[in-house]
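Let's take a walk through a protein model together. Have a look at the picture first, and then we'll go through it piece by piece.

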Amino acid sequence: MAVRHPSIASKAAKKAKEARVKKARRHATEGKNTVVTPASKAYTDPRDVLLKPVVSEKSYALIDENKYTFIVDPNANKTQIKQAVQAVFSVKVTGVNTINRQGKRKRTRTGFGQRAATKRAIVTLAEGDRIDIFGGPTA
């Protein structure tokens, strides 16, 4: 959303901003938390964030670098993914990279369709931590 210069903003916008600033000051003096996470962004269970692990040759090659790949909820952000992995697997996460993958276009007898788009997360763990659901090296 573009922010207008104060001289361009409408009177209603100026009044609304003034009301927001007053409310924030009042909450600060009363010690209230002014940041409220909407219910649509809150995950009650960390397993709602992590949908399933990715089982592929590339994801197994990343295990040697202590990186694990998951398909995650498309609305989850990196912080939520990190907290979910730490809660579910009891490990220390050092980094999270995310990828939004478009669904492949597939041809059927009746025309074209599209697979669902997915979001994947590559999670880097701290040195010494492991997740055994992937099955480690067979050495």
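**From chain to sheet**

Start at the N terminus and follow the chain: the elements come in the order α-β-α-β-α-β-β-β-β. That gives you 3 helices and 6 strands. Keep in mind that this is a predicted model, not an experimental one.

Now find the sheet. It is an open one, built from 4 strands lined up as S1-S2-S6-S3, with antiparallel pairing. Strand S1 (50–53) and strand S3 (93–101) sit at the edges with a single partner strand each, so one side of each has no neighbour in the sheet. The sheet isn't flat-out aligned either: neighbouring strands are turned by 35 degrees against each other on average, if you ignore direction.

What holds strands side by side like this? In general, strands of a sheet pair through backbone hydrogen bonds, and they can do so parallel or antiparallel. Here, zoom in on strand S2 (residues 67–72) and strand S6 (residues 118–125): they run antiparallel and are joined by 6 bridges. If you'd like a spot to look for, Lys67 stands opposite Thr124 in S6.

Next, the helix that goes with this sheet. Helix H3 (residues 78–89) lies across S1, S2, S3 and S6, and runs at about 120 degrees to S3.

Finally, step back to the whole protein. Of its 139 residues, 24% count as buried. Among contacts with a separation of 6 or more, 58% come from residues 24 or more positions apart. And the outside? The accessible surface is about 10800 Å², with 52% of it belonging to carbon and sulfur atoms.

Conventions. Residues numbered from 1 in each chain as written. Predicted model: local features only at pLDDT ≥ 70, side-chain atom pairs only at ≥ 80, totals over all residues. Heavy atoms only, no water. Helix = DSSP H or I, 4+ residues; strand = E, 2+ residues; numbered from the N terminus. Buried < 20%, exposed > 50% of the residue type's maximum accessible area, 1.4 Å probe, protein only. Contact = heavy atoms within 4.5 Å. Areas by Shrake-Rupley, 256 points an atom, 1.4 Å probe, with all protein chains shown as cover. Pairing = 2+ DSSP bridges. Axes fitted to C-alpha atoms, helices over the stretch in contact; angles between N-to-C directions.
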